Amino acid sequence: MYLESLTLRDYRNYEDLNVSFSPAINILLGENAQGKTNLLEAIYVLSMTRSHRTNNDKELIKWDKTAAIIQGRVNKHLGTVPLEIQVNSKGKKAKVNHLEQAKLSQYIGQFNVILFAPEDLALVKGAPAVRRRFVDMEFGQINARYLYNLGQYRTILKQRNQYLKQLQHKKNQDLVFLDVLSDQLAAFGAEIVHQRLIFLKQLEFWANQLQEEITQSAETLTFEYATHLEDAADQTIEQLYAQLQNDLKKATKKEIFQGTTLAGPHRDDVRFLINGKNVQTYGSQGQQRTTALSVKLAEIELMKEETGEYPVLLLDDVLSELDDMRQTHLLKTIQNKVQTFLTTPNLSGIARTLINEPKIFHINQGNLLEEEEHTVD
């Protein structure tokens, strides 16, 4: 899978852009605030229907315009598919083959991307919410059932929290409706936990291979899914559902007092272990960065395994955050495997040596100029 071309209309600082890309490595060169990350963001929005930088869609629209349009032609093993995202003050529209999709969730999965930005190096040492978001975003791309269950769970969780606040403030006293919401939450929560465990085991397999390669077999990387559910990995969906139901029932008084849901996969975490020790607590900064790199690169193989096609890789100024050894491993891993978009103010010596025949674009104030020669010298 690769992105053949991209058209932007009134997107951020791009007024009118039409550009074709290499199916291999595309380098976006430019100083800060010129539009490198905006272009990468547009590709991400074309895939996920949302930005990774903001929750306010209006920020995607050029400041003096009323709407933004992102169009792309994606080459897949069954042929080329035109995709389109329109953003205006009323919301978003997504089109596949020029046909508008009834729901944005039906669109996701048409074009898979993996984004690796400097903040992703905090995947290991960041808060649990960072790792939950990582799991949900990546697994949601490759599995429509997971995405559906997650959407339903979030909707019911929001309703349940609102109702708990009503009970907290004595605006309602009907515990039967709370039981109904608890039952629904437990049902979708059990599905989510079950699917997370399956995907994390697959991701662990690929990440450990990469970790061993980087460290020359000195380190073994394993994952641990941290949940309040007992023996979750050995439980059926029905057993997980029964546990969640019971936990929610036992926590009812406390939840009403606090006005929020205290049990469920929205509070779970993932721990990364090197040779059995938690990297977040006991790992050096180098080990934490190596682990984050292994996990992000493992996504490439997991997506290929699940969808039959490699995703597109977006590297937003990551090279400057990695030492020579990790840069080398990253570039050798992606070379001749996945279409890659790499933003950087300048190319390091390692990149110049390892990247073969990239397509290079110089970006200045939202304008792209392609280099005629495919060389980084």
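Is K359 buried or exposed, and what is its relative accessibility? K359 has 13% relative accessibility, so it counts as buried, the cut-off for buried being under 20%. I will come back to that residue. One point before going on: what you have in front of you is a predicted model.

Let me start with the nonpolar cores. The largest of them has 73 residues. The residues with the most contacts inside that core are F139, F223, F272, V295, L330 and I334. Which helix gives the most to this core? That is helix α5, residues 175–214, with 16 residues. In general, nonpolar side chains in soluble globular proteins tend to be buried together.

Take F223 as one example from that list. Setting aside neighbours within four places in sequence, F223 is in contact with L200, L203, E204, A207, R271, F272 and V295. Apart from the core just described lies another one, of 39 residues. Its members include M1, Y44, L60 and I70.

Next, A298. This residue is found in helix α9, which covers residues 285–307. A298 counts as buried because its relative accessibility is 0%. Which residues does A298 touch, once neighbours within four places in sequence are left aside? The contacts are L203, W206, A207 and L210. There is also a distance to report for A298 and E204: their C-alpha atoms are separated by 7.9 Å, while the two residues are 94 residues apart along the chain.

Now a sheet. Three strands form an open sheet in the order β9-β10-β11, with antiparallel pairing. Which strands are at the edges? They are β9, at 221–226, and β11, at 277–278, and each pairs on one side only. Strand β10 spans residues 269–274, and its antiparallel pairing with β11 runs over 2 bridges. In one of these details, I274 has K277 in β11 as its bridge partner.

The last topic is salt bridges. Side chains of opposite charge can pair when their charged atoms come close. How many salt bridges does a search of the whole structure find? The search finds 17.

I will go through three. In one, the side chains of E41 and R12 meet at 2.8 Å, N to O. This pair links distant parts of the chain, 29 residues apart: E41 sits in helix α1, residues 36–48, and R12 in the loop between β1 (2–11) and β2 (14–20). Both residues, E41 and R12, are buried.

Another salt bridge joins the side chains of R160 and E255, also listed at 2.8 Å, N to O. Here R160 is in helix α4, residues 144–168, and E255 is in helix α7, residues 252–258, so to speak 95 residues away along the chain. R160 counts as buried because its relative accessibility is 0%. E255 counts as buried because its relative accessibility is 0%.

That brings me back to K359. Its side chain meets that of E370 in a salt bridge of 3.9 Å, N to O. K359 lies in strand β14, residues 359–364, and E370 in strand β15, residues 367–370, so the pair ties together parts that are 11 residues apart in sequence. K359 counts as buried at 13% relative accessibility, whereas E370, at 37%, counts as partly exposed. Finally, salt bridges that share partners join R12, E41 and R53 into one network.

Notes:
Residues are numbered from 1 along each chain as its sequence is written. This is a predicted model: local features need pLDDT of at least 70, side-chain atom pairs count only at pLDDT 80 or more; totals for chains, interfaces and linings use all residues. Side-chain values use heavy atoms; hydrogens and water are left out. A nonpolar core is a set of buried Ala, Val, Leu, Ile, Met, Phe, Trp, Tyr and Cys residues joined through side-chain atoms within 4.5 Å. Buried means under 20% relative accessible area, exposed over 50%, partly exposed in between (1.4 Å probe, protein chains only). Helices (H or I, at least four residues) and strands (E, at least two) are DSSP runs, numbered from the N terminus. Contact means heavy atoms within 4.5 Å. Two strands pair if DSSP finds at least two bridges between them. A salt bridge is a side-chain nitrogen of Lys or Arg within 4 Å of a carboxyl oxygen of Asp or Glu.
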